[in-house]
Amino acid sequence: MKTLGSSLVLLCALNPCAPGLAQVPTNNLTPTQPEVVTTQAAEKAMPTVAIVLAGENTGSRPNRAGTALAIRQDGVLLTAYHLVRNAYALQVRLKSGEVFDQIQLLGVDARRDVAAIRISASGLPVLPVAPAALAKAGDPVIAIGHPEALPSSASSGVVAAYRMA
């Protein structure tokens, strides 16, 4: 197992000059109203986000749920370390409906609460990655996830503050 050395921000920047971990390309968006741009950006980003279910005991149902972000087309995703820590079984569910029960833990950064996992998938949709350190207060962002394993959740806002972990 390797230790990761980067921070994780599960935010999508709306402005191509305002990076977060993942940037939604805005060249195909219709910038008529901020709400429309937000909705279009969320729709473009949603396929890159997966649900992660974790169970602690043999044969038990998953008792924790969280979100993962596809960062490579070959099946590498980032998720929260506290979600996969001590998990006996993991399951990843993609927006496409595909379900993966065999997950490889590639590396963790416990201090930053980040884990890299791999599923046996190819051709996953991913967003361009940008250095999170370039994010600044006031940048517009969309937070996308699966709280409590709900199918999809998106909310917009601005970066309030940023610090390296």
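Over residues 1–21 pLDDT, the predictor's confidence in each residue from 0 to 100, stays under 50, although the model has 81 contacts beyond four places in sequence for this segment, a contact being heavy atoms within 4.5 Å. The structure is a predicted model, in which local features need pLDDT of at least 70 and side-chain atom pairs count only at pLDDT 80 or more, whereas totals for chains, interfaces and linings use all residues. Residues are numbered from 1 along each chain as its sequence is written, and side-chain values use heavy atoms, with hydrogens and water left out. The chain has a mean pLDDT of 78, and 74% of its residues reach 70 or more. Among the elements of the chain, the lowest mean pLDDT (36) belongs to strand E1 (residues 2–3) and the highest (97) to strand E10 (residues 114–118).

Two helices and twelve strands are present in the chain; helices (H or I, at least four residues) and strands (E, at least two) are DSSP runs numbered from the N terminus. Their order along the sequence is β-β-β-α-β-β-β-α-β-β-β-β-β-β. Of the contacts in the chain between residues at least 6 apart in sequence, 57% join residues at least 24 apart. The chain contains 165 residues, of which 41% are buried; buried denotes under 20% relative accessible area, exposed over 50%, and partly exposed the range in between (1.4 Å probe, protein chains only). About 9,100 Å² is exposed by the chain, and carbon and sulfur atoms supply 53% of this area. Accessible areas come from the Shrake-Rupley method with a 1.4 Å probe, and for residues only the protein chains shown count as cover.

Strand pairing, which requires that DSSP find at least two bridges between two strands, links E4, E7 and E8 in succession. Strand E4 (residues 49–55) pairs with strand E7 (residues 89–93) in the antiparallel sense over five bridges, and Leu53 stands opposite Gln91 in E7. E7 is in turn joined by two bridges to strand E8 (residues 99–100), the two running antiparallel; here Arg93 stands opposite Val99 in E8. Five residues separate E7 and E8, which form a hairpin. Within its turn, Gly97 has a positive phi of about 100°.

The largest nonpolar core comprises 21 residues, where such a core is a set of buried Ala, Val, Leu, Ile, Met, Phe, Trp, Tyr and Cys residues joined through side-chain atoms within 4.5 Å. Val52, Leu77, Val92, Leu94 and Ile119 have the most contacts inside this core. At least two of its residues are supplied by each of E4, strand E5 (64–70), strand E6 (76–80), helix H2 (81–84), E7 and E10. Apart from this core lies another, of nine residues, among them Ala41, Ala42, Val49 and Leu69. When neighbours within four places in sequence are left aside, the contacts of Leu77 include Ala50, Ala68, Leu69, Ala116 and Ile119.

Thr67 lies in strand E5 and counts as buried, at 14% relative accessibility. Beyond four places in sequence, the residues in contact with Thr67 include Val49, Ala50 and Val52, as well as Leu78, Leu83 and Ile144.

Side chains of opposite charge can pair when their charged atoms come close. The structure holds five salt bridges, each defined by a side-chain nitrogen of Lys or Arg within 4 Å of a carboxyl oxygen of Asp or Glu. One of them joins the side chains of Arg64 and Glu56 (2.4 Å, N to O); Glu56 is partly exposed, with a relative accessible area of 40%. In the salt bridge between Asp74 and Arg72, the closest N and O atoms are 2.6 Å apart. Asp74 is partly exposed at 32% relative accessible area, as is Arg72 at 39%. Asp109 forms a salt bridge with Arg112, with the closest N and O atoms 2.6 Å apart. In this pair Asp109 is buried, with a relative accessible area of 5%, whereas Arg112 is partly exposed, with 23%. Arg72, Asp74 and Arg118 are joined into one network by salt bridges that share partners.

Pro128 lies in the loop between E10 and strand E11 (140–145) and is partly exposed, at 40% relative accessibility. Pro128 and Arg72 are separated by 56 residues in sequence and by 9.7 Å in space, C-alpha to C-alpha.
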